[in-house]
Amino acid sequence: MKGKFITIEGPDGAGKTTQVKKISDYLRCKNIEVLVTREPGGTALGEKLREMLLTLEGESPVPEAEALIYAASRAQLLNKVISPALKRGCIVLCDRFVDSSLAYQGWARGLGIKELININGWFLKDCWPDITLILDIDPCQSLKRLQGKKDRLEREALEFHKRVREGFLKVQNLYPDRVKTVDASLNPEEVFQKILFEIKKSGIIKM
Ligand code: TYD
């Protein structure tokens, strides 16, 4: 049996991590086997690349290098973790995946969404998510939610975060069947109910 692949996307501070926890708790309560992972990271190599990407001080990677490092982490995660779990029939729930690259590197960094689809399509092949939920929120609101020390991407200017939001909305227009947006300015329980509605509507999980 083939499993199903769900990804959660959105700008920094949109509340993805809270929602990933709510969805996985819900599925486990229904006795559905779920594997939770995240990007960048999720493998030993991926976690090293994550640290490099988020904590690098001094010389920043050029956009092309940044896009390729995220892609390297993704290729490793896909082959080592996601594909085997899908083959076992699990539901895979991933905190960020390819659409972050399309929005951040493709649109906000200006490399081109088509170009990022080509780079990632090369190794994703037919392993694109079955459903992607974008937590949509005005960056003026989401950035206020970030607490403590900000990572390299979170320190970018408001203009950058506005482009990230635009990028996600463009991705939704490109893939209207797969990608759904959810208003993330609501309280966490309301956001969760909207996500659940979309997942049920898609029919990828019977519940
Ligand atoms: P995130 O998991 O949101 O970090 P945190 O756990 O601190 O909330 O993601 C790390 C950052 O990497 C985030 O700013 C988005 C960025 N990113 C990209 O620019 N491109 C990508 O392909 C991915 C997966 C993430």
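Let's start in the loop between helix 5 (113-124) and strand 4 (131-136), which is where Lys-125 is found. This is a predicted model, and in it the phi of Lys-125 comes out near 50°, a positive value in a residue other than glycine. Most residues other than glycine have a negative phi. As for its surroundings, Lys-125 counts as exposed because its relative accessibility is 63%, and the cut-off for exposed is over 50%.

Now hop to the loop between strand 3 (91-95) and helix 4, the place of Arg-96. Arg-96 also has a positive phi, near 75°. With a relative accessibility of just 11%, though, Arg-96 counts as buried, since buried means under 20%.

Arg-96 takes us to the ligand: one of its polar side-chain atoms lies 2.9 Å from a ligand oxygen. Arg-50 puts a polar side-chain atom 2.9 Å from an oxygen of the ligand, and for Tyr-70 the distance is 2.8 Å. On its own the ligand exposes 550 Å², and the protein buries 88% of that. The space it takes up is the largest pocket.

Who builds the shell? Helix 2 (44-55), helix 3 (63-88) and helix 4 (98-108) each give two or more residues, with helix 4 supplying the largest share, four residues. By type, the shell splits into eight charged, four nonpolar and three polar residues. Of the 15 residues around the ligand, those coming nearest are Asp-12, Arg-50, Tyr-70, Ser-101 and Gln-105.

One last backbone stop: the loop between strand 2 (34-38) and helix 2 holds Pro-40. The peptide bond from Glu-39 to Pro-40 is cis, with omega near -15°, whereas most peptide bonds are trans.

Technical notes: Residues are numbered from 1 along each chain as its sequence is written. This is a predicted model: local features need pLDDT of at least 70, side-chain atom pairs count only at pLDDT 80 or more; totals for chains, interfaces and linings use all residues. Side-chain values use heavy atoms; hydrogens and water are left out. A residue is near a molecule or strand if one of its heavy atoms lies within 4 Å of it. A polar contact is a pair of N or O atoms within 3.5 Å; within protein, one must be able to donate a hydrogen and the other to accept it, and residues adjacent in sequence count only if both atoms are side-chain atoms. Accessible areas come from the Shrake-Rupley method with a 1.4 Å probe; for residues, only the protein chains shown count as cover. On a 1 Å grid over the protein atoms alone, a cavity is a set of points where a 1.4 Å probe fits but cannot get out, and a pocket is an open set with protein on both sides within 12 Å along at least five of seven lines; lining residues have an atom within 4 Å of a point. A molecule sits in a cavity or pocket if more than half of its atoms lie within 2 Å of its grid points. Ala, Val, Leu, Ile, Met, Phe, Trp, Tyr, Cys and Pro count as nonpolar, Asp, Glu, Lys and Arg as charged, and the others, Gly among them, as polar. Buried means under 20% relative accessible area, exposed over 50%, partly exposed in between (1.4 Å probe, protein chains only).
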